[in-house]
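Reader: I would like a close look at one part of this protein. Take me through the empty space inside and what surrounds it.

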Amino acid sequence: MNHAAGSSPTRSPSLARTVTTGGLFLFILGDVLGAGVYVLAGEIAKISGGALWVPLLVALLLALLTAGSYAELATKYPRAGGSSHYATRAFGPFVGFLVGFCMLSAGIVSVGALSLGFAGDYLAVFVELPTILVVVLFLGLLAALNTRGISESLGANRVATIIEVSGLLLVIALGALVVIRGEADLGRLTELGTPENGPIAAVLAGSVLAFYSYAGFETSANLAEETKDPARSYPRALFGALIVAGVIYALVGAAASAVVPTEELAGSSAPLAQVISAAGIVPPIVFSAIALVAVANGALLTGIMSSRLAYGMAVDGLLPSALTRLLPRRRTPWVAIVVTTALSVLLALTGTIEVLAGAMVLLLLVVFLAVNASVLVLRRDRADHRHFRVPVFLPIGGIVSCLLLMTQVEGEVWRRGLPFLAVALVLAAIAVWRRKSSRDKAAVSTDN
């Protein structure tokens, strides 16, 4: 990989460049590490078998392919807007809107999945409550925090990120202790496949769910405009954070596989808590509290992103104007928060964690497909400043990987994701038509 040479950018940034390489690294790492592996490790084991670490590493490699495209585009066009902006530049407003709506939909679906994770076995350690009640109360409280203000939400996120990373490191350490005591079965680390799937099919199917654990790195593209030296800092922070996250995930997967029988992992919505229980040192109630914080933090961050994206698209005239309404004092988009939260509640009450996580991955694969294709199309668009550049085979590999993962998506997941895609296509067509009509009216007015 190399950097394209050139002069400094001539356009003055609209946002202050204050984000350092270290700060960006921690932002991405905190966004990637978190709730996914806490609740989905069991589901991945059910699909892939005992070698849980393998699909987690395969998903990392596939994520790195698309990360290369983000590294090039974010440094070539260092401005807020991310995936939708790149797709608009490459393919026009129709595809740009489609990508933006898929990002929005993925966030709403993800919050629904995380609410089910919160209502599962981790919470059952403290109290047994109906799932419907937990989902409604949980998402209602997060919406209230989101509505109160972004500073309060991000302050809670900083504390929660430290807690959730500590929880994963605790799983690795206690898993190693169980292995040292000779109480683990290392043979499970090589068991790939299930009665339904051979080894290759099992890895690919498991990688679809494992891919969910790496979701979040794509949002960092919106910070490129605020990074001090994006051409240097952004690729280092992005690849570094993904690799560190991948190593932690693989070690967590190996610990869970070695310590807990695959059948027990596959049947649990609190799989990592079983590693803690097997070690017998840390009370399960402590780790369950850590896991609940991790899940809540992931849902909070994703809810913030979804509501702000819905608000921004409404401001641009791409979604109903009611979504632009703000609280008078707090200046938070309360209507967008209420609507996105209500949709997440509906999805949670009509789906399962596995299906919703898969639907979120499907929607993101559409986004990543467009981003990888955008790199190839925009190669002819020369920037007047230095930026990161990837070999052409990487975005091509990213396209192939997205298509490959799509073939592993189950029918029920497609049934969940296709309505979002259908709505996106209709709204994209309407948005393009409205934009064209506005331009035609403006042209007529100018001529007169």
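Author: First, a term. A residue is buried when its relative accessible area is under 20%, and exposed when that area is over 50%. The model is predicted.

Now the setting. The protein has 17 helices and two strands. It has 448 residues, and 55% of them count as buried. Contacts that bridge a long stretch of chain dominate: of those with a separation of 6 or more, 85% join residues 24 or more positions apart. The accessible surface comes to about 18,400 Å². Carbon and sulfur atoms account for 66% of that surface.

Next, the empty space. Rolling a probe the size of a water molecule over the atoms shows where such space is left. The count comes to one cavity of 30 Å³ or more. The volume of the largest cavity is about 140 Å³.

What lines it? The lining of the largest cavity has 15 residues. Nearest its centre lie Val111, Asn146, Ala299, Gly303 and Thr341. Three elements each give two or more residues to this lining: helix H7 (131-148), helix H13 (284-315) and helix H14 (334-350). H13 gives the most, with six residues. By chemistry, the lining divides into eight nonpolar residues and seven polar ones. No charged residue takes part.

Stay with H7 for a moment. This helix has 18 residues. From its first C-alpha to its last, H7 reaches 26 Å. That is close to the 26 Å expected at 1.5 Å a residue. Several H7 residues are buried: Val134, Val135, Phe138, Leu139, Leu142, Ala143, Asn146 and Thr147. Asn146 is thus on two lists. It is buried in H7, and it is among the residues nearest the centre of the largest cavity.

One loop residue deserves a separate look. Val409 lies between helix H16 (393-407) and helix H17 (411-447). Is this loop residue buried or exposed? Val409 counts as buried because its relative accessibility is 9%, and the cut-off for buried is under 20%. Leaving aside residues up to four places away in sequence, Val409 touches Val208, Leu362 and Trp414. Ala205 also belongs in this picture. The C-alpha atoms of Val409 and Ala205 are separated by 7.3 Å. Along the chain, these two residues are 204 residues apart.

Notes
Residues are numbered from 1 along each chain as its sequence is written. This is a predicted model: local features need pLDDT of at least 70, side-chain atom pairs count only at pLDDT 80 or more; totals for chains, interfaces and linings use all residues. Side-chain values use heavy atoms; hydrogens and water are left out. On a 1 Å grid over the protein atoms alone, a cavity is a set of points where a 1.4 Å probe fits but cannot get out, and a pocket is an open set with protein on both sides within 12 Å along at least five of seven lines; lining residues have an atom within 4 Å of a point. Grid points are joined across faces, edges and corners, and a volume is the space filled by probe spheres set on the points. Helices (H or I, at least four residues) and strands (E, at least two) are DSSP runs, numbered from the N terminus. Ala, Val, Leu, Ile, Met, Phe, Trp, Tyr, Cys and Pro count as nonpolar, Asp, Glu, Lys and Arg as charged, and the others, Gly among them, as polar. Buried means under 20% relative accessible area, exposed over 50%, partly exposed in between (1.4 Å probe, protein chains only). Contact means heavy atoms within 4.5 Å. Accessible areas come from the Shrake-Rupley method with a 1.4 Å probe; for residues, only the protein chains shown count as cover. The expected span of a helix is 1.5 Å times one less than its number of residues.
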